[in-house]
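Notebook open, model loaded. I'm going through it piece by piece and jotting down what I look up.

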Amino acid sequence: MSQRLFNLSPDLKKLRDEGFNLEARSGFLLVRGVPYVNSRREVSRGVLIMELTLAGDVTTKPATHMAHFDGDHPCDEHGAPIAKIRNASEAKSLASDVAIKHSFSAKPQVSGAYADYYEKVTTYVQVISVPALKLDPYITARTFPPIEPDADDLGPFNYVDTSSSRSEIVPISEKLRMSKVTVVGLGGTGSYVLDLLAKTPVGQIHLFDGDRYLQHNAFRSPGAPSLEELNQTPFKVSYLKGIYAKMHRGIVEHPYYLNSANVRELAEADFVFLCMDSGEAKRLVVDSLESFGKPFIDVGLGVSQSDGVLGGIVRVTTSTPEKRDHFRDWVSFKDAAKDNEYKSNIQIADLNCLNAALAVIRWKKFCGFYRDFKAEHHSQYTIEGGLLIHEARKA
Amino acid sequence: MEKELKDLKSTVRVHIDQKVFESPGQTTGVALYTLGSVPADLELFREVRGNEEGELVERDDETISVHQGEHFFSGKPKVYVLIVNGQKKQWPQKKISYSQVVKLAFPDLPVGPTSLFSVSFEEGPPSNPQGAMKEGDIVKVKDGMVFNVSATIQS
């Protein structure tokens, strides 16, 4: 199926954005799943077929007002064939892979010709489907079928990002096309970061974590594992790749921790999300990323209890080759595991999710996807008052 | 106009703890404290009509104006009530530092570098109504100021 034809022809793009099931084949446009009523007063679905008049790769004004149908002849709600479109009923092949049973003629009364394929398709679908709507008010030809990329399209997804095309932000989304984004640490926040990155057109997403996915992790990561999946105690990176590889082709798992022997693997990344525990390993990673000249975002949250109520802060700290001096003012490498008086390991899924969302939004500002007024390199969200404070603004 | 000019040029008569003193019209907090022999553990307040507590005169070198006939009195330092991680805490000074805030939140913490903690505040005085604090930062306080302290290291 030619995505180029559908993307560049405004009338076909509009039809697809509205959810019509379209296919271009051998010079014909096929509209599948068109509801109609047959002579036995049953609701069924057929295929509306019409020739495609093209100029180069895009549509022009339809050459004819005729259309064809594969299915029984559409009838009104009483089972009588719709007279106003009826023309000929002869089963034949218009091309080696296009077969029809009926032909229609519905000439636009005022203009005499359809201006474009949007008008032609919607007019025919309307006439054919109105009786079906009387028997089933919720039925529609606008079914939003999944759209696969063309075989020669080497993009990162297994199916086309129609969310961006529908909302007309494809050129802006292209700014997110980094070759390689790395996530270090796939705990609560890291897994939500992956969830969001998998929906962007980055080339590859590398996941580093030596931990296994355990029962408590299920309560702060997106989606939901089955009991069987939990029983297998997979590596976190493998479990998560299993989910997100359904959508994104470029997920690479590294089921091990970073140390001085392998930290060089980060040198290939275009951007890194640090979602790891505080400690010497983090110091090594930060020192290395700085020496490799990489931009990265560090996240962290802290929750504590008092009087039976929770409070805390969610933090996002950004470091780029242009601005690094603030980083150690706001981020510590102290090994928290050693001090128990104030450490709390409370993490809540909504806070992990918020932390990830704030981090990804900040990355998108870095990419030029979102307008960036403050260029803040450190942000803190305080749960109690809902205050979001930005510091370390770029001069 | 005449009265103000007089104040600026010369000395004025003021009352400190009901005793009469002569002071330059332009003076400093330190000078006033010394003039009135205010003990080290007390603070000086300027009587302000309508304010029972009086306005604090800081014991520092900043230039302040005093006027003919003004009354000052000494008293115990004002203790502010701060809310730290949801808990009311008393704080006897006009300013507080990052480490002091962390100590208020976690009194049993061993002394040492504390940058693991993120600190945020709101409902502060006009000079610093809201913001984040890092090691070395100092902010002015006011009654009811809200602080949050958290070791933001979980992910």
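**Entry 1: a serine to start with**

Is Ser319(A) buried or exposed? I looked it up, bearing in mind that this is a predicted model. Ser319(A) comes out at 0% relative accessibility, so I put it down as buried. I find Ser319(A) in strand E16 of chain A. Its side chain has a polar contact, at 2.7 Å, with the side chain of Arg324(A). I then listed the contacts of Ser319(A), skipping neighbours within four places in sequence: Lys294(A), Pro295(A), Phe296(A), Arg324(A), His326(A) and Phe327(A).

**Entry 2: helix H9 of chain A**

I checked the geometry of H9(A), residues 280-292, next. With 13 residues at 1.5 Å a residue, the helix should span 18 Å, and I get 18 Å between its end C-alpha atoms, so the two agree. Which residues of H9(A) are buried? My list reads Lys282(A), Val285(A), Val286(A), Ser288(A), Leu289(A) and Phe292(A). They sit on the same side of H9(A), because the arc they cover around the axis is only 165°. I reminded myself that an α-helix has 3.6 residues a turn, so residues three or four places apart point the same way.

On the face turned away from the buried side of H9(A) I noted the exposed residues Glu280(A) and Ser291(A). What do the buried residues of H9(A) pack against? I get strand E14 (271-274), strand E15 (296-306), strand E16 (309-319) and helix H10 (327-330) of chain A. One backbone detail caught my eye: Gly293(A), just after H9(A), has a positive phi of about 70°.

**Entry 3: helix H6 of chain A**

H6(A) covers residues 188-197, and 9 of its 10 residues are buried, so I noted it as largely enclosed by the rest of the structure. The buried residues of H6(A) include Tyr192(A), Val193(A), Leu194(A), Asp195(A) and Leu197(A).

**Entry 4: salt bridges**

How many salt bridges does the structure hold over all chains? I count 22. I went through a few of them.

- Asp70(A) pairs with Lys101(A), with the closest N and O atoms 3.2 Å apart. Asp70(A) is in strand E6 (residues 66-70) and Lys101(A) in the loop between strand E9 (98-100) and strand E10 (102-105) of chain A, so the salt bridge ties together parts 31 residues apart in sequence. I have Asp70(A) as partly exposed at 28% relative accessibility, and Lys101(A) as partly exposed at 39%.
- Asp298(A) meets Arg315(A) at 2.8 Å, N to O. Asp298(A) belongs to strand E15 and Arg315(A) to strand E16 of chain A, so this one ties parts that are 17 residues apart in sequence. Both Asp298(A) and Arg315(A) are buried.
- Asp143(B) pairs with Lys78(B), the closest N and O atoms being 2.9 Å apart. This pair links distant parts of the chain, 65 residues apart: Asp143(B) is in the loop between strand E13 (138-140) and E14 of chain B, and Lys78(B) is in the loop between strand E7 (71-75) and strand E8 (80-84) of chain B. Asp143(B) is partly exposed at 37% relative accessibility, and Lys78(B) is partly exposed at 24%.
- Glu23(A), Arg25(A) and Arg32(A) are linked in a salt-bridge network.

**Entry 5: where chain B meets chain A**

What area do chain B and chain A bury between them? I get about 2800 Å², 54% of it on carbon and sulfur atoms. Of the area that chain B buries against chain A, 27% comes from Thr152(B), Gln154(B) and Ser155(B), more than any other three residues supply. Chain B puts 31 residues into the contact and chain A 39 residues.

I counted 0 salt bridges between the two chains, but 15 residue pairs in polar contact, both at pLDDT 80 or more. On the side of chain B that touches chain A, the elements giving two or more residues are strand E11 (117-122), strand E12 (131-133) and strand E14 (146-151).

**Entry 6: a methionine in E12 of chain B**

Met133(B) is in strand E12 of chain B. At 1% relative accessibility, I log Met133(B) as buried. Beyond four places in sequence, its contacts include Trp330(A) from the other chain, along with Val119(B), Phe121(B), Ile138(B) and Phe147(B). I also took one distance: C-alpha to C-alpha, Met133(B) and Ser65(B) are 33 Å apart, with their positions 68 residues apart in sequence.

Conventions
Residues are numbered from 1 along each chain as its sequence is written. Chains are lettered from A and ligands numbered from 1 in the order in which they are written. Side-chain values use heavy atoms; hydrogens and water are left out. Helices (H or I, at least four residues) and strands (E, at least two) are DSSP runs, numbered from the N terminus. The expected span of a helix is 1.5 Å times one less than its number of residues. Buried means under 20% relative accessible area, exposed over 50%, partly exposed in between (1.4 Å probe, protein chains only). The arc is that of the directions from the helix axis to the C-beta atoms. Contact means heavy atoms within 4.5 Å. Buried area is the accessible area (1.4 Å probe) that two parts lose on being put together, summed over both. A salt bridge is a side-chain nitrogen of Lys or Arg within 4 Å of a carboxyl oxygen of Asp or Glu. A polar contact is a pair of N or O atoms within 3.5 Å; within protein, one must be able to donate a hydrogen and the other to accept it, and residues adjacent in sequence count only if both atoms are side-chain atoms.
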